[in-house]
Amino acid sequence: MLALPSYSEDEAENVYIALPNGERHGNFVDPDSADTPVRALTAITEAAQETVAECLWQAWPLCGEHDLGMHPREADGQLSWWCAGGNIRREPAHIRAAVGGLDSLVRPAPAPPETPA
């Protein structure tokens, strides 16, 4: 992560998240974010998403249930990854995991291949 001063009075600074090869993208941090840590974390999270989208041309992170890109959203005072749900099956929107907690999700083991009878 790299933070650089902004050239605008309306922005505190710009936050960049870099890929291992040095490519980076980012977003500005709201000057009031120091008062609300969730706002600052949201700016950093969105900068990470921006980097992946702009440099790798893919959505990240994806919901394991719906294969849709998720977005940061505050829920009960915690920044979480929110999924819009499945449109085809009309499944509701849901919180998938806390930001920083995606690695704690248990992924189901792949089904074993069927054996011919």
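How many aromatic pairs does the count come to? I started my notebook with that, keeping in mind that this is a predicted model.

**Entry: the aromatic pair.** The count comes to 1 aromatic pair. I found that Trp60 and Trp81 form it, in an edge-to-face arrangement. Their centres are 5.6 Å apart, and I noted 75 degrees between the planes. The planes count as edge-to-face because that label is for angles over 60 degrees.

**Entry: where the partners sit.** Trp60 belongs to the loop between H1 and E4, while Trp81 is in strand E5. The two are 21 residues apart, so I wrote down that the pair links distant parts of the chain.

**Entry: buried or exposed?** I looked up both partners next. Trp81 has a relative accessible area of 2% and is therefore buried, since buried means under 20%. Trp60 comes out at 37%, so I put it down as partly exposed.

**Entry: the sheet around Trp81.** Strand E5, the home of Trp81, is part of an open sheet of 3 strands. I read the order as E4-E5-E6, with antiparallel pairing. The edge strands are E4 (71–75) and E6 (94–98), each pairing on one side only. From one strand to the next, the twist averages 50 degrees.

**Entry: E5 and its neighbours.** I followed E5 (residues 78–83) to E6 and found 4 bridges joining these antiparallel strands. Cys83 stands opposite His94 in E6. Then I turned to helix H1 (residues 37–56), which lies across E4 and E5 and runs at about 40 degrees to E5.

**Entry: one more ring.** My last look was at Trp82: Arg73 lies over its face, 3.8 Å from the ring centre.

Terms used:
Residues are numbered from 1 along each chain as its sequence is written. This is a predicted model: local features need pLDDT of at least 70, side-chain atom pairs count only at pLDDT 80 or more; totals for chains, interfaces and linings use all residues. Side-chain values use heavy atoms; hydrogens and water are left out. Two strands pair if DSSP finds at least two bridges between them. Axes are lines fitted to C-alpha atoms, for helices over the stretch in contact, and angles run from 0 to 180 degrees between N-to-C directions. Contact means heavy atoms within 4.5 Å. Rings of Phe, Tyr and Trp (its six-membered ring) pair if their centres lie within 6.5 Å; planes under 30 degrees apart count as stacked, over 60 as edge-to-face and the rest as tilted. Buried means under 20% relative accessible area, exposed over 50%, partly exposed in between (1.4 Å probe, protein chains only). A charge sits over a ring if NZ of Lys or CZ of Arg is within 6 Å of the ring centre and within 35 degrees of the ring normal.
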